[in-house]
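Here is a model to go through together, with one recurring point: what justifies each label? Have the sequence and the 3D view open as you read.

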Amino acid sequence: MVTVVVALLAGLAAGAAARPLIFARAVPRGEPNRTACPSCATSYPSPGLRGRLQAATGRCSSCGSKIGPAAGLPELLTGASFAAVAAAGASGWAGAAQYWLLACGAALTVIDLKVHRLPDILTLPASAGTLLLLGGAALAGEPGNFWRALTAAAAVTAVYLVLVVAGMGMGDVKLAPAVGALLGWSSWTAVLWGTFAGFALAAVAGPALILTGRASTKSRLAFGPYMIIGALAVSTLST
């Protein structure tokens, strides 16, 4: 229970730290990053701890208009995810790799659902950090196979790269090494199930969004959240 509470608090802090980055990058492709409130041009977040705490309300500290992610969204999303992984028994360097992908993935999820993009500033560190932490797990002698993780990272990336011709985004391709490596650390079975889970979740979510009126048959589906959820769920169950 103590571990879960600590993980929850760490996740809340990670989500709060990611909020300004989400605000800056949650803009349509080709538009400049945001640095201030669109209504009053006040810097976001306002300097100091008070400014960051006010940012968590989802409103501008100056004019009070809605700004950035909804109140508590990235904080609660990351905190709940951290707590779930901790409850599943994540530990060591491999556990740190899961937490790292969760921290990056929660921010990527909010951005992708908002503007259908996965910015390099999050996807590239997600993949590099996951590989480095799994390398640490290998040096520490933790159960798993680093060379299989590297091979799986390359294989899953190749699959997503091929799917670019079918409409897959390059952001998904750049995130694929993290997903493949984390799954490959456990087994090739985990790679197959984790990759399949992402597509299965997307296949269920797409029609559900159309039926509820939140999307149309011509709408693009933000695939990043599903590949992250599928990979982390299977990885957590495999450890």
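Q: Leaving aside neighbours within four places in sequence, which residues is Asp172 in contact with, and what does "contact" mean here?
A: Contact means heavy atoms within 4.5 Å. By that test, Asp172 has Leu118, Tyr160, Phe223, Gly224 and Met227 as partners, with neighbours up to four places away in sequence set aside. This is a predicted model, in which local features need pLDDT of at least 70 and side-chain atom pairs count only at pLDDT 80 or more, while totals for chains, interfaces and linings use all residues. Residues are numbered from 1 along each chain as its sequence is written, and side-chain values use heavy atoms, leaving out hydrogens and water.

Q: Why is Asp172 called buried, and where is its place?
A: The label depends on relative accessible area: under 20% is buried, over 50% is exposed, and in between is partly exposed (1.4 Å probe, protein chains only). Asp172 has 8%, so it is buried. Its place is in helix α7, where a helix is a DSSP run of H or I of at least four residues, numbered from the N terminus (strands are E runs of at least two).

Q: What makes the space around Asp172 a pocket and not a cavity?
A: On a 1 Å grid over the protein atoms alone, a cavity is a set of points where a 1.4 Å probe fits but cannot get out, whereas a pocket is an open set with protein on both sides within 12 Å along at least five of seven lines. The largest pocket holds about 490 Å³ of space. Of its 23 lining residues, the closest to the centre are Gly167, Met168, Gly169, Asp172 and Arg220. Lining residues have an atom within 4 Å of a point, and the volume is the space filled by probe spheres set on grid points joined across faces, edges and corners.

Q: Which helix gives the largest share of that lining, and how do the lining residues divide by class?
A: Helix α7 does, with four residues. The lining of the largest pocket has eleven nonpolar, five polar and seven charged residues. Here Ala, Val, Leu, Ile, Met, Phe, Trp, Tyr, Cys and Pro count as nonpolar, Asp, Glu, Lys and Arg as charged, and the others, Gly among them, as polar.

Q: How many cavities of 30 Å³ or more does the search find, and what lines the largest one?
A: There are two. The largest has a volume of about 50 Å³; its lining includes Thr42, Tyr44, Arg59 and Cys60. That lining divides into four nonpolar, six polar and one charged residue.

Q: How do you know the span of α8 is close to what is expected?
A: The expected span is 1.5 Å times one less than the number of residues. Helix α8 (residues 188-211) has 24 residues and reaches 35 Å from first to last C-alpha, against 34 Å expected.

Q: Why is Ser187 said to cap the N-terminal end of α8?
A: A polar contact is a pair of N or O atoms within 3.5 Å; within protein, one must be able to donate a hydrogen and the other to accept it, and residues adjacent in sequence count only if both atoms are side-chain atoms. A side-chain oxygen of Ser187 lies 3.4 Å from the backbone nitrogen of Thr189.

Q: What covers the buried residues of α8?
A: The cover includes α6 (146-162), α7 (170-186) and α9 (224-238). Gly230 lies in α9 and, neighbours within four places aside, is in contact with Gly194, Ala197, Gly198 and Leu201. Gly194, Ala197 and Gly198 are among the buried residues of α8. Gly230 has a relative accessible area of 2%, so it is buried too.

Q: What makes the phi of Ala41 worth a look, and is Ala41 buried or exposed?
A: Most residues other than glycine have a negative phi. Ala41 has a positive one, near 65°, in the loop between α1 (2-25) and α2 (48-55). Its relative accessible area is 58%, so it is exposed.

Q: Why is His116 called partly exposed?
A: Its relative accessible area is 30%, so it falls in the in-between class. His116 also has a positive phi, about 55°, and sits in the loop between α4 (92-115) and α5 (120-139).
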